[in-house]
Each structure stands twice: as structure tokens, then as C-alpha cells.
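User: I am new to this structure and would like a close look at one strand in the middle of things. Please describe that strand, then work outward to what surrounds it.

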Amino acid sequence: MKGKFITLEGCEGVGKSTQLNMLKEYLEKTGQEAFFTREPGGTPVAEAIRKILLDQSLTIEPKVEAMLFATARISHIDEVIIPNLEQGKIVISDRYIDSSLAYQGFARNLGLDFVQTVNKYAFDVCMPDCTIFIDMDPEFSWRRQKGNKISNDRLENEKLEFHKGCYIGFTELAKVFKDRIIKIVPDIDKNETHRRIVEALKNKGVIK
Ligand SMILES: Nc1ncnc2c1ncn2[C@@H]1O[C@H](COP(=O)(O)OP(=O)(O)OP(=O)(O)O)[C@@H](O)[C@H]1O
Ligand SMILES: [Mg+2]
């Protein structure tokens, strides 16, 4: 593939979107063509599945949840990620496969094997060149420090135990996929976190 595929991962409220916005500005300023997207979502079908996944009125069985994420991902890969990579762009996704592995594999206890199997297509055709994991305990996330806002997101509203499970998951994944996943401990100063992310991505050769 001509382009580079970068994903940003981490627990809720640790500053992923904040850092993606800063990265977007950096890439624009330095004249690097990038396409930003997010999961679950990125295509009309995947956005429709997102609505189901985040709907608080639904009880979704873990295996069904894992399959819905994986299904949305196939649409995202074929319709958005691969076509943009083929055009030579840097594609950057707010969450991707590691969120499935951490949330459903670890926090929902389905196990890595099950979630990897369900996501075989992504593993076969579209793995990130580099993944930034914002390494921050969800108990102390920026959002929690600021006081929890009321959310109507089914996953965000899971109890702290669940989010802790996701964090353990991400930490384990960073060991399993150590060539791909770079851990960045965020600084209180978001400009410093941004500097660390840019440096890591440059060292990996996925941005200039
Ligand atoms: N370094 C920082 N210091 C203080 N607050 C921060 C910092 N970085 C981000 N925040 C704030 O923390 C909150 C959560 O950040 P953000 O929305 O970027 O997190 P997120 O990881 O994208 O969350 P989600 O998983 O829900 O999408 C926002 O209010 C943001 O302004
Ligand atoms: Mg966000």
C-alpha cells in the first residue's frame, strides 16, 4: 500500500480526540496529506452499526458486540481505509482493532483468540503501520478529573471495573504487538503529549 495507516488507542477521556486534532493541524502545516476517520463508524453502514453499539436501551451479548464491531470494520476497511491508502494518503483512525481486542477480548472476557478470529479480515488485509496507545489509567482520565459529564453512550457508561479491564487489555496488547504499538504516557501539558506523539511517529517513519 502506498500510504501509511496510523491508529490512536486508549481508554475513554484520555485525550485521543484532542491529540488527533493537534496532529491534524501539524500535518496540514507541514503539507502532508492525511485522511482522518474513526471507529466504530467511517461509512454510512458502519455509522448505523455505531448507533446500535452505543444505544443504551439495548443489552448486547458480548459475542454479538464483537461481531458488530468487526462487521462495521470490514465496511470501513473496504470503503474508506484501503482506497485512501491506495491514493498514498496517511490514514489516521480514532480507535481501530486494538479497541476490539481490549474491550471485547479482555474487558468482556471473550479472549484474544475469539476476537482475533472474528477480525481475521482486518488482520489479513489491513493492519496499522503504527499504533499510538495513550497510556493512562481510566480512573484518572482527564475527563474524570474534570468531573464526569452525563453521557448516553452504552460503553462509556460501563462501570469503572470494565474500563480498568480495557486498560489492562491495552497494556497487554502493547506487549504482544510491541513492534507496532507505541505507548505514550500523556503529560499534563497537551502540547508536550503532542510533541511525544509526533516524535514517535517520525521515528517510525510514518510521518515527516
Ligand atoms: N493534557 C490534558 N490536560 C487536561 N485536560 C485534557 C488534556 N487532554 C485532553 N483533555 C480534556 O479531557 C477531555 C477528554 O479528552 P478527549 O475528548 O480528547 O478524550 P478521548 O480519549 O477522545 O475520549 P473518548 O474516548 O470519549 O472519545 C476533554 O475535555 C479534553 O479537553
Ligand atoms: Mg474521542
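Analyst:
**Strand β4 and its surroundings**

Strand β4, residues 130–134, is mostly covered, with four of its five residues buried. The model described here is a predicted one.

Start with the two strands that pair with β4. Strand β1, residues 4–9, pairs with β4 in the parallel sense, and four bridges link the two. In this pairing Thr7 stands opposite Thr131 of β4. Strand β5, residues 181–184, also runs parallel to β4 and is joined to β4 by four bridges. Two positions show how β4 and β5 line up: Thr131 stands opposite Ile181 in β5, and Ile134 stands opposite Ile184 in β5. Thr131 therefore has Thr7 opposite it in β1 and Ile181 opposite it in β5. In general, strands of a sheet pair through backbone hydrogen bonds, in either a parallel or an antiparallel way.

Now the whole sheet. Five strands make up an open sheet with parallel pairing, in the order β2-β3-β1-β4-β5. The edges are held by β2 (34–38) and β5; each has a single partner strand, so one side of each is left without a neighbour in the sheet. From one strand to the next, the twist averages 20 degrees. Helix α3, residues 62–86, packs on this sheet and touches β1, β2 and β3 (90–94). The direction of α3 makes about 155 degrees with that of β3.

One residue of α3 can be followed further. His76 lies in this helix and is buried, because 26 other C-beta atoms lie within 10 Å and 20 or more are enough to count as buried. Leaving out residues up to four places away in sequence, His76 touches Glu39, Gly42, Thr43, Ala46 and Ile81. Asp153 is 77 residues from His76 along the chain, and their C-alpha atoms are separated by 21 Å.

Another buried residue is found in helix α4, residues 97–107: this is Tyr103. Tyr103 counts as buried because it has 26 C-beta neighbours inside 10 Å. Beyond its neighbours within four places in sequence, Tyr103 is in contact with Arg108 and Cys166. Tyr103 and Gly169 are 66 residues apart in sequence, while their C-alpha atoms are 7.3 Å apart in space.

Next comes a pair of helices, α1 and α9. Their axes are 10 Å apart and they pack at an angle of about 65 degrees. The crossing of α1 past α9 is right-handed. On the α1 side the residues that meet α9 are Thr18, Gln19, Met22, Leu23 and Tyr26, and on the α9 side they are Lys190, Thr193, His194, Ile197 and Val198. By class, this contact has five nonpolar, four polar and one charged residues.

Last, the ligand. Of the 15 residues around ligand 1, those that come nearest are Gly15, Lys16, Ser17, Thr18 and Trp142. The elements giving two or more residues to this shell are α1 (16–29), α7 (142–145) and α9 (190–203). Helix α1 gives the most, with three residues. The residues of the shell divide into four nonpolar, six polar and five charged. Thr18 appears twice in this account: it is among the residues of α1 that meet α9, and it is one of those that come nearest to ligand 1.

Definitions and conventions:
Residues are numbered from 1 along each chain as its sequence is written. Chains are lettered from A and ligands numbered from 1 in the order in which they are written. This is a predicted model: local features need pLDDT of at least 70, side-chain atom pairs count only at pLDDT 80 or more; totals for chains, interfaces and linings use all residues. A residue is near a molecule or strand if its C-beta atom, placed from the backbone, lies within 6 Å of it. Ala, Val, Leu, Ile, Met, Phe, Trp, Tyr, Cys and Pro count as nonpolar, Asp, Glu, Lys and Arg as charged, and the others, Gly among them, as polar. A residue is buried if 20 or more other C-beta atoms lie within 10 Å of its own, exposed if 12 or fewer, and partly exposed in between; C-beta atoms are placed from the backbone. Two strands pair if DSSP finds at least two bridges between them. Axes are lines fitted to C-alpha atoms, for helices over the stretch in contact, and angles run from 0 to 180 degrees between N-to-C directions. A crossing is left-handed if the near helix is turned anticlockwise from the far one by less than a right angle, and right-handed if clockwise. Two residues are in contact if their C-beta atoms, placed from the backbone, lie within 7 Å.
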